[in-house]
Amino acid sequence: MEAKIINRLRPGFKHHAENAEFGFNEHHQNEAINYMRFARSKRVIRLKTIDSCFEDLKESRLVEETFTVDEVRDMLDGLQLVVRGEVETELINTAHTNVLLLRQLFSQAEKFYLRLQTDISELENRELLEQVAEFEKTELKNQNKTNQEISKPKLAPLNEGGVSELLNKEISRLQEENDKLKGRLRTLETQAMGALDEKTRAERALKDLQKIRGEEQMAARSQEITSLEDTVAALHEDYQKSLSVNAASQKELQDSLVSAKHDLLRVQEQLALAEKELEKKFQQTAAYRNMKEILTKKNEQIKDIRKRLSKYESDE
C-alpha cells in the first residue's frame, strides 16, 4: 500500500507557552531538540571563526596610528572577502545538512511506501519561526530536562577541519607573500644605500681631482710669477748699477724696466687666460665627462629606486 501524506508545518506546530511543545510525541520532540543543538553548535563555531577574522585584522594590520583612505579601503575589502567566504560556506553547509536530514526522513518513509510532501512557503512563516525560536530558547535552557535515549545515532557535525585548514592556508599564503614583499623592500633599500655610497664616492673623487688640478695650476703660476719677479729684480738691480755709469744708459734702463713691467702685466694676463682655458679644457676631458655621466646615472637610479620604494610602501 502506498500512502500519500502531506507534511506541513502549521498543523503540527501547536505551541504551548507552559511546556514549549510543538504538538508531536516526545521522541520526535527530542529529535528536534538534538537538531537544534547541532545547529546551535555549528552557529557558535562559525561566529567564533568570524570573530577571529576581525581579531586577525586588528593584530596584523592595525599596527599604525593613522591610515590613508586607500589603506582602510584595502583592509575592509580583504575583511569582506574573508567574512563573505565564511558566511557563504556556513550557508552552503546548512543547506547541505538540511538535505541530508530530509534524506534520512525520506528513506525511512520509503521503507513503508510512503510519500512525504513539504510546503516550501511555510518555511518563511514568521509566526511559526517565532514559535521555533521560543521552543529553542525554552528547551535548550532547561537544565532539568532529560533526553530520551534513542538507538539510532545523532547527526554528526560536519568536519570543521576543511574550513579551518583553508583559512590557515590562506593566512600562511598571505604571510609568505608579506615576507616576500618585505624581502624585496629590504633588497631595494640595500640597493638605494649602495647607490648613495657610490654617488658619495664619485663626488669625493671628483673633488679630489679638481683639487689636484687646481694645486698643479697654482704651482705653475707661482713658479712663473717668481721667475718674472726675479727678472724684474735683476733688471732693477742692473738699472741701479747703470745709474752710476751714465745718464744715457739710465734712460735706456728705465725704458727696459717699463718694458719689463709691461711684459709682466702681459704675462699675468696671459696666465689668467691660460688658467681659464685650462679649466675649460679640463671640463671637456674624458675623465670629467665620464665622472659627470656617472653622477647623472646614479642620480637617475636613486630617483627610480625612491619611486619603487614609495610604490611598495603604498602596497603594504
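Is glutamate 55 buried, partly exposed or exposed, and what is its relative accessible area? In this predicted model, glutamate 55 is partly exposed, with a relative accessible area of 38%. Its side chain meets that of lysine 58 in a salt bridge, with a distance of 3.8 Å from N to O. Both residues belong to helix H2, where three residues, or about one turn of the helix, separate lysine 58 from glutamate 55. Lysine 58 is likewise partly exposed, its relative accessible area being 45%.

The helix that carries this pair, H2 (residues 26-60), packs with helix H3 (residues 69-111) at an angle of about 170°, and the axes of the two helices lie 10 Å apart. Since angles over 145 degrees count as roughly antiparallel, H2 and H3 are therefore described as roughly antiparallel to each other. On the side of H2, the contact is made by Tyr35, Phe38, Lys42, Arg46, Thr49, Ile50, Cys53, Phe54 and Leu57, while H3 contributes Met75, Leu79, Val82, Val83, Glu86, Val87, Thr89, Glu90, Asn93, Thr97, Asn98 and Leu101. By residue class, the contact of H2 with H3 comprises 12 nonpolar, five polar and four charged residues. Among the residues of this contact are Arg46 of H2 and Glu86 and Glu90 of H3, and Arg46, Glu86 and Glu90 are also linked in a network of salt bridges.

In total, the structure holds 11 salt bridges. One that involves H2 is formed by arginine 43 and glutamate 136, whose closest N and O atoms are 3.4 Å apart. This pair links distant parts of the chain, given that arginine 43 lies in helix H2 and glutamate 136 in helix H4 (residues 126-140), with the two positions 93 residues apart. Arginine 43 is partly exposed, at a relative accessible area of 41%.

A further salt bridge is found in helix H6 (residues 247-283), where arginine 266 and aspartate 263 are three residues apart and are therefore separated by about one helical turn. The side chains of arginine 266 and aspartate 263 meet at a distance of 2.1 Å from N to O. Arginine 266 has a relative accessible area of 40% and is partly exposed, and aspartate 263, with a relative accessibility of 28%, also counts as partly exposed.

How values were computed: Residues are numbered from 1 along each chain as its sequence is written. This is a predicted model: local features need pLDDT of at least 70, side-chain atom pairs count only at pLDDT 80 or more; totals for chains, interfaces and linings use all residues. Side-chain values use heavy atoms; hydrogens and water are left out. Axes are lines fitted to C-alpha atoms, for helices over the stretch in contact, and angles run from 0 to 180 degrees between N-to-C directions. Helices (H or I, at least four residues) and strands (E, at least two) are DSSP runs, numbered from the N terminus. Angles under 35 degrees count as roughly parallel, over 145 as roughly antiparallel, 65 to 115 as roughly perpendicular and the rest as oblique. Contact means heavy atoms within 4.5 Å. Ala, Val, Leu, Ile, Met, Phe, Trp, Tyr, Cys and Pro count as nonpolar, Asp, Glu, Lys and Arg as charged, and the others, Gly among them, as polar. A salt bridge is a side-chain nitrogen of Lys or Arg within 4 Å of a carboxyl oxygen of Asp or Glu. Buried means under 20% relative accessible area, exposed over 50%, partly exposed in between (1.4 Å probe, protein chains only).
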